[in-house]
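Today I went looking for pockets. I wanted their volumes, their linings and the elements that supply them.

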Amino acid sequence: MGNESGAAGAAVIGEHYDERSPIGDELRDGQIHMWYWYDDEDDAPLTEAVHRVSRKVADTLGLRPGEHVLDAGCGPGATAIYLARTFGVRVTGVNVSGFEIDKARQRAAAAGLTGQVGFEYGDYAALTHPDGTFDAVLALESLQNAADLGQVLGELFRVLRPGGRLTFSDFSLESDAEPHRIAKFMETLKLPVLPTLPEWLDHLRAVGFDIEEYTQCGPRVFGRKAKYLRVAMSGRDAVAAKFGDEAVSEFSRLHSGFFAPRRDQIGYVIVSARKPHR
């Protein structure tokens with residue numbers, strides 16, 4: 001995505017998140033990704049349910065103190081700060097949302113981690129870092145917006161050292177019945193493609209990655225969309241007090257297509273892979 005059309009596409013994605021992330025950041029405390037509830041009786045608050053995904057994804061990377069991690073599509077910074085504090089790693093976050101980069105830098109400064117965690121405005125399809133810069137790459141629901149998934153994965157492969165690891169979480173297609181529901185979901189999230197789990201694995205192998213672990217946890221993620229709506233609505237008044245009723249109503253309107261598919265149509269995969277030593 002280093003050409004003009006790629007840059008334009010990245011700008012559109014940046015605007016997409018600039019528009020939606022202020023309220024999303026408030027609701028989820030700096031983590032603009034999905035939730036994980038064990039069942040409908042699970043009483044974890046939304047911020048904890050979202051942080052469970054951060055933990056599940058990060059744990060598969062096997063991070064070691066002193067390693068350098070790329071957070072590709074880093075959101076408003078809470079996950080990068082969690083990685084630095086928990087694993088003692090250095091983190092570079094890259095993002096095309098100006099709002100999210102600003103929030104991420106504010107969070108790092110407030111946490112006293114500006115020497116350990118840095119954030120860059122940029123496109124993960126055209127990174128400025130030399131080959132082999134990073135020990136690990138984390139991508140939480142950011143690959144879904146790649147205009148050219150092969151190019152992005154190739155770029156992440158390039159900046160990993162031999163033996164370096166990649167873990168991502170993202171949506172997957174579980175059923176192509178009622179395609180109009182899927183189309184509305186994809187349009188709302190600006191998804192160029194929606195791979196099945198086997199297709200995700202094929203994309204990784206095509207650029208040279210060795211697959212090491214994968215899981216499908218969609219029933220506890222998108223499958224809990226009704227629970228999310230109940231929990232989010234319980235906090236509506238507090239969010240409206242900060243942003244106004246009109247802004248909250250617009251936020252809900254912008255996300256209405258997200259809820260269009262049936263719960264069994266959309267999966268959620270976590271995949272770990274490694275760049276071979278050879």
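Before counting what each element gives to a lining, I noted what a helix is here: a DSSP run of H or I with at least four residues, numbered from the N terminus. I also kept in mind that this is a predicted model.

Entry 1, the second largest pocket. I got about 190 Å³ of space for it. Its lining is made up of D29, Q31, T47, H51, A78, I81, Y82, R85, R107 and A111. I then asked which element gives the most to this lining. That is α3, with 4 residues. The elements supplying at least two residues each are α2 (46-59) and α3 (78-87). Sorted by class, I have 4 nonpolar, 3 polar and 3 charged residues here.

Entry 2, the largest pocket. The volume came out at about 560 Å³. I find 30 residues in the lining, and R28, Y228, F251, H255 and F259 are the ones nearest the centre. Two or more lining residues come from each of α1 (4-28), α6 (179-189), α8 (225-234), α9 (236-243) and α10 (245-254). How many residues does α1 put into this lining? I have it down for 8, the largest share.

Entry 3, the classes in the largest pocket. I split its lining into 17 nonpolar, 9 polar and 4 charged residues. For my own bookkeeping, Tyr and Phe go with the nonpolar group and Arg with the charged one, so among the residues nearest the centre I filed Y228, F251 and F259 as nonpolar and R28 as charged.

Note on methods: Residues numbered from 1 in each chain as written. Predicted model: local features only at pLDDT ≥ 70, side-chain atom pairs only at ≥ 80, totals over all residues. Heavy atoms only, no water. 1 Å grid on protein atoms, 1.4 Å probe; cavity = no way out; pocket = protein on both sides within 12 Å on 5 of 7 lines; lining within 4 Å. Points joined across faces, edges and corners; volume = space filled by probe spheres on them.
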